Amino acid sequence: MRGLVTFFLSILILIGLFFYDVLPELSLEKEPSETKLEYIEEPLRIPDDALSNWMGKDIESFKKQWGEPDRIDPSAYGYDWFIYGSKSPKGYLQAGVLEGKVVTLFAIGSELNTQPFTIGNSSNSIIQKYEIKSDITINEGEEFFRFELSEQEILLRPLIKVGNDVWVQLYFDKFTNQLSSVRYVTSEILLIQRPYSIVYRGELPADEKLSEEDQAKIDNSEEHQIFELTNIIRLKNNKIPLQWEESTSEVAFLHSKDMNEQQYFSHESKDGRTLSDRLQKGNVSFLQAGENIAANYTDGIAAVEGWMNSEGHRKTLLNNEYTHLGVGVYKKYYTQNFLIPAE
């Protein structure tokens, strides 16, 4: 049985005055609404030019349509991410390629055709039209695998079948009630990632054993993906993009590594060090700094969407005053350090 484990805290540090703003443990529960939605089921109509139709296609055909990627990043799940639109956020797309085939797609760019689930559309309009189940079974002969979604997961990141062996995971923004992004996956990748609690009979795909060198490459790739996604979301919310700060990224990485190795989850290290202490030790001068942390998400994509559905972390990520960002990832521990550098 594997479940999603998420805990979050937030900290704000001001020059000359340091204090913790400790948030309650993150809850994905949606506040009760007075509006009752009437469910009107509609057939799932996917246009021929919709992004999901590229699932299962060979990468050479994909590149004829989309061109060469900005870069290729490794993932922890066997496929490589082909990154598109890093310099044009409205077209930002990640295509996961395994053995020459597209096995997963992540889209957050507003100009991408993700119909019938259009990014920016009301989450209520989608929930009204399409059946969203709490139990989803993937049959494999005598074996069976059933994902069990909680009420919060149904409201914030439901899973819908969109084709033969193809699923879409919808990321909803509970503060705007809009569709933030979509992730398409095959059944095989879904079973490898296991983003929800699962009940099964049979044998689950084994976790890939990674060398330290391969893990380091994956962690580095996720750091840059988190940085890019953060700026895309800031632009969507009319905020100025942040600049990458290498020294701060090293501080963030060391905190993620320390949390993993010491098996804790906190803004305060086990030896009592705070964000201020860590930045000072890393020779990072700052006027103001803030930190977001997350753990045990599927990947950096899911971590960013999780931060955006937590009020304190969202405020930090969208803070008007921060100008620089450092990101550190170590084996599913994620740290963002935001700051205003000292003059």
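Leaving aside neighbours within four places in sequence, which residues is L229 in contact with? In this predicted model, L229 is in contact with Y92, F106, I108, I301 and V304. L229 also belongs to the largest nonpolar core, which has 47 residues. F106, F147, L229 and Y334 touch the most other members of that core. Helix α8, residues 300-308, gives the most to it, with 6 residues. Another core lies apart from this one. It has 28 residues, among them A95, V97, L105 and V168.

The chain as a whole comes next. It holds 9 helices and 16 strands. Of its 343 residues, 50% count as buried. The exposed area is about 16,400 Å², and carbon and sulfur atoms supply 47% of it. Contacts with a separation of 6 or more were also analysed by distance along the sequence. Residues 24 or more positions apart account for 63% of them.

One open sheet has 7 strands. Their order is β3-β4-β5-β6-β11-β10-β9, and the pairing is antiparallel. The edge strands are β3 (71-74) and β9 (159-163), each of which pairs on one side only. Neighbouring strands are turned by 25° against each other on average, direction ignored. Helix α1, residues 59-66, packs on this sheet. The helix touches β4, β5 (93-98) and β6 (101-107). The direction of α1 makes about 10° with that of β4.

The pairings can be followed from the β3 edge. β3 and β4 (residues 80-84) are antiparallel and share 4 bridges. Here P74 has D80 of β4 as its bridge partner. Further along, β5 and β6 are joined by 6 bridges, again in the antiparallel sense. L93 stands opposite A107 in β6. The hairpin of β5 and β6 has 2 residues between the strands. In this hairpin, E99 takes a positive phi near 50°.

How many of the 7 residues of β6 are buried? The count is 6, so β6 is largely enclosed by the rest of the structure. On the β11 side, β6 pairs with residues 178-186 over 4 bridges, antiparallel. The bridge partner of F106 in β11 is R183. F106 thus has a recorded place in the sheet pairing and is also among the residues that touch the most other members of the largest core.

At the opposite edge, β9 is joined to β10 (residues 166-173) by 4 bridges. These two strands also run antiparallel. K161 stands opposite W167 in β10. The hairpin of β9 and β10 has 2 residues between the strands. D165 takes a positive phi near 70° in this hairpin.

A further open sheet has 3 strands, in the order β7-β8-β12, with antiparallel pairing. β7 (135-140) and β12 (197-201) stand at the edges. Each has a single partner strand, so one side of each is left without a neighbour in the sheet. The twist averages 15° from one strand to the next. β8 (residues 143-148) and β12 are antiparallel and share 5 bridges. F147 stands opposite I198 in β12. F147 is also one of the residues that touch the most other members of the largest core.

Helix α5 covers residues 212-236. Does its length fall short of or agree with the expected span? At 1.5 Å a residue, its 25 residues should span 36 Å. The end C-alpha atoms are 36 Å apart, which agrees. α5 is followed by N238, whose phi is positive, near 60°.

N319 lies in the loop between α9 (311-317) and β15 (324-330). Is this loop residue buried or exposed? N319 has a relative accessible area of 18%. Buried means under 20%, so N319 is buried. Beyond residues up to four places away in sequence, N319 touches R234 and Q288.

How values were computed:
Residues are numbered from 1 along each chain as its sequence is written. This is a predicted model: local features need pLDDT of at least 70, side-chain atom pairs count only at pLDDT 80 or more; totals for chains, interfaces and linings use all residues. Side-chain values use heavy atoms; hydrogens and water are left out. Two strands pair if DSSP finds at least two bridges between them. Axes are lines fitted to C-alpha atoms, for helices over the stretch in contact, and angles run from 0 to 180 degrees between N-to-C directions. Contact means heavy atoms within 4.5 Å. Buried means under 20% relative accessible area, exposed over 50%, partly exposed in between (1.4 Å probe, protein chains only). The expected span of a helix is 1.5 Å times one less than its number of residues. A nonpolar core is a set of buried Ala, Val, Leu, Ile, Met, Phe, Trp, Tyr and Cys residues joined through side-chain atoms within 4.5 Å. Accessible areas come from the Shrake-Rupley method with a 1.4 Å probe; for residues, only the protein chains shown count as cover.
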